[in-house]
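User: I am new to this structure and would like a friendly tour of its contacts. Could you take me through them step by step?

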Amino acid sequence: MPPPGCEMKKRFDIVGKPRRRVDGRAKVTGQLRYADDLALPRMLFAKLLRSPHPHAVVEAVETERARRYPGVHLVLTGQDFPVPFGIMPVSVDEYPLARERVRYVGDPVAAVVAVDEQTAVEALRLIEVRYRVLPPVSNPEEGLQRPEPRIHDYGEQGNIHRNQSYEFGDVAEALAKSELVFEDIFFYEGNTHLPMEQQASLAFLDGEGKLQISSSTQNPHYLHRQLARVLQIAESQIRVVATPNGGGFGGKCDPGGHEFVVSKAALVLGRPVKIGLTREEVFYVHRGRHPVLFRMKTGVTKDGRLTGMHLQTLLDGGGYGSHGPASTFYTGVLTPVTYHYPRFKFEACRVFTNKPACGPKRGHGTPQPRFGQEVQLDKIARHLGMDPAELRLANVTKPESLTASWLRIGSNGLAECIRKVTGMSDWKEKHRKLGRGRGAGLACSTYMSGAGVAIYWNKMPHSGVQILLDRSGAVIVYCGATEIGQGSDDVLAGLAAEALGVDIGAVRVVTGDTGITPVDLGSYSSRVTIMAGNAALQAAERLRAQIAAVVAETLGTLPDRVVFSQGRVFAADNSGTGMTFVEAVHAAEAQLGTLSAVGSYAPPRALGKYKGAGVGPSPAYSFTACVVEAEVDERTGWIHVPKIWIAHDIGRALNPTLARGQVIGGVYMGLGEALMEEQSFRRLPEKLSGALVHRAPSMLDYKSLTALDMPEVEVAFIEDPDPNCPYGAKEVGQGPLLPVMPAVANAIFDAVGVRIDEIPITPDKVLRALHAQDKRVGPTSFPAVPYPAPTFVLPPWEGGDGKEAKRDAAAAVV
Amino acid sequence: MRRSVQLALTVNGEPAEASVAPYKTLLEVLREDLGLTGTKHGCELGECGACAVLIDGEPQLSCLTLALGCEGRRVETIEGLARGPSLHPLQAAFADFGGSQCGYCTPGVIMTAKALLDRNPSPTRDQIREATAGNLCRCTGYQQITEAIEDAAARLRNEKTL
């Protein structure tokens, strides 16, 4: 079956051709209005008072002096917000302003709304909060050892938020029968999104008295739902406008306390209220990469066939649930998508700690195990004396195959990616051949093109698009999708223009506005191109059908033989005659009335029928292979990366300029994570408070790569159109980040023979490893985690039906 | 109580006046008092480069510059760069090469690049990277920014020889 949109297309006018993105001009002229660029008459400003303690009971909040301060219009505390929020229905555990407990340094406790920011800041100092300090939990090991005091009164037990175990086939047996078993423990430090734009929001009452909030959010639909819940007003009375995000990377997926505060204040005061977070506050809001400690046990035959994997992960969740339940799943579920594991078991545990909540960051939960998996494969290849590329090629999953966990893998270009990237990097001449101090490392990855289920359970579409045809010939595309820099507006415009055969300049997109646009779930899980794109194509196809039915007779052909291309509408076998698109619209509007159509998209249902099978399935998976070259100075441990090669199975690159930008941007972020980015904490001396504070809540201390640090990146696309995706296009926003970290680690081993089994890989660790007996730096033990008994499911090839099975049934089959 | 003082400066070639609180930075005056929100802020601590503008032709961090210190000086922002309806070659190249993704760091990088090309019309790639190393970008990976500046430099040189 051809991919959506391809039935009528022999050649493309727009798809596949590099071009300026539709919002490019507004961005280079400074015209684009981000949330903090908005201003309204009589606008007031809000500021938040944040907790200086990582863990404390809030005994009293004294606001009288602040209320009386000249210029102050309103002071809000936790008492003004009795209803909690949480993006996932299973962890609604957060209040816009803390009520009786604060759970990390930076947890908001009160808000001041004043005539200007300066006045609000001055008034904040007049608020007195009486705290009763509680012992903080600084990491998951501590949380496991010390179940009391509990950070939350819900969760599995003590300070364990989520705890789960899945086993697909008898893994202990598979490992026992394996000729070789490799066991490694890895640690991946947390890091943060660091979007250039600090979160900002402006709330006001519109002319009808309804609440409107313009906010830098990736997910206006989820924010809309949470606002209605927390403020206890009907969703129909709230309009959320997602302003173009100055970068998101997952950091603007959760609703933020500040968004509820300005909304409430606007409702109370009847005046516009704005807030702009400081950079320090953005570090506190966080929701970034979970620190994960994990143990990976992998069986393999002497000739390099994987037999099974047992993966155990331990996540440092921070103070709140956030997307944590999903993150916990993602530290396991996508691990078996790249290589065929006949049996697979994964156990995962997320522990609450008194630090900013962790959540979704580009790759969401998967980069951590992927790092270990790809480094361990490098170790296995070394042990077996195999080329790491050959070992991978011998184990890659096949197109149209299933994993042991019942994920359906559709198109799969991983083998092609490996061949391509090893070819373009001259891998065979580099790996193990560059001499002491220089090395090359290979690693691979996969990612979802959209999550198979919504964050809240419902049977409705994941994305809706309405297209309106104006008699001027303009095509107006309405969709709830949110532009966060990734290019979703451009993707929508390009798809609509291609399908209707008009110039891209004839298309206008209206996006991310719950008051105008059909629901799209949001810009997360690399879902927009596939889901909003398919919805847009469906709407466009319906419009074409309407127009074709009207003009076919005039063109002397059948409706399904009418072609739309380059602003003209003509018969397939007679392109010389025909009419302009505008004439065709006029003819159709004269006969049918105003021309509009809607389209919607819901992903295919999961094959797995066990509880939890909803996390991991996707309409399509992208695949990536990456080679990193590294130079390591053995005297200083300094790591220099001169070049990176990457091949990405994208299905089809709709706008190659955008797609290439996503790949290089992903490589950049991955290299930053590999070498320097870390959201780490330190404990203040007891005499000060013993509090856990950020090592680096600033951009100077939180190191990221600059233009001078960034190597050249050579990009190749593998384009094998996927039948589930619009014109065959799979995701590109997240996948290319994922192989970079392990490829760096493997390159460093190739250069100087040390294994750094943790991220980030810094010069001090390299030096330590060079002087260590085992030439390794990394975690050496894994704590006793009380994982539950596993949900046992038979793999497809062992007679399973995708449902939970009894373990003795497995024995009977085997 | 009067909290403001008068400020007069040249912005994008035109005289501008504002009545501003004396503690305000140039960034705040541009965005809040003169309505020029094209200049962005990413930290307001001089760490990220998003707020870069040209003061008397030199790239400066407007978040660390006291507005009153700009009395009588010449300030250039992203809004003044285009040539009427046509984009400046730097703007066109950033848009065409993918040098701008979310667009938030873009005004600061473009203004920094303009200062570079004004003083060095034929920079090497390393000189471009050096000049823009103070402008953090989280989207592009910098490569397309470097490519865009290289392309704009070539186009500007061609304009001169024509």
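Analyst: Happy to. Two residues count as in contact if their C-beta atoms, placed from the backbone, lie within 7 Å. Please keep in mind that this is a predicted model.

User: How many residues does the contact take from chain A and how many from chain B?

Analyst: With the 7 Å cut-off for C-beta atoms, we can look at each partner in turn. Chain B gives 41 residues to the contact, and the number from chain A is 41.

User: Which element gives the most to the side of chain A that touches chain B?

Analyst: The elements that each supply at least two residues of this side are α1 (24-28), α17 (656-675) and β30 (712-718) of chain A. By class, the side of chain A that touches chain B has 17 nonpolar, 15 polar and 9 charged residues. The top contribution is 8 residues, and it comes from α17(A).

User: Now inside chain A: which element gives the most to the side of domain 1 that touches domain 3?

Analyst: Domain 1 of chain A is assigned to 24-32 + 461-601, and domain 3 to 164-191 + 288-452 + 610-777. Their contact takes 16 residues from domain 1 of chain A and 18 residues from domain 3 of chain A. On the domain 1 side, α14 (488-500) and α15 (528-555) of chain A give two or more residues. With 6 residues, the element that gives the most is α15(A).

User: How many residues of that domain 1 side are charged?

Analyst: This side of domain 1 of chain A, touching domain 3 of chain A, has 6 nonpolar and 8 polar residues. The number of charged residues is 2.

Key:
Residues are numbered from 1 along each chain as its sequence is written. Chains are lettered from A and ligands numbered from 1 in the order in which they are written. This is a predicted model: local features need pLDDT of at least 70, side-chain atom pairs count only at pLDDT 80 or more; totals for chains, interfaces and linings use all residues. Domain bounds come from an automatic or database domain assignment. Helices (H or I, at least four residues) and strands (E, at least two) are DSSP runs, numbered from the N terminus. Ala, Val, Leu, Ile, Met, Phe, Trp, Tyr, Cys and Pro count as nonpolar, Asp, Glu, Lys and Arg as charged, and the others, Gly among them, as polar.
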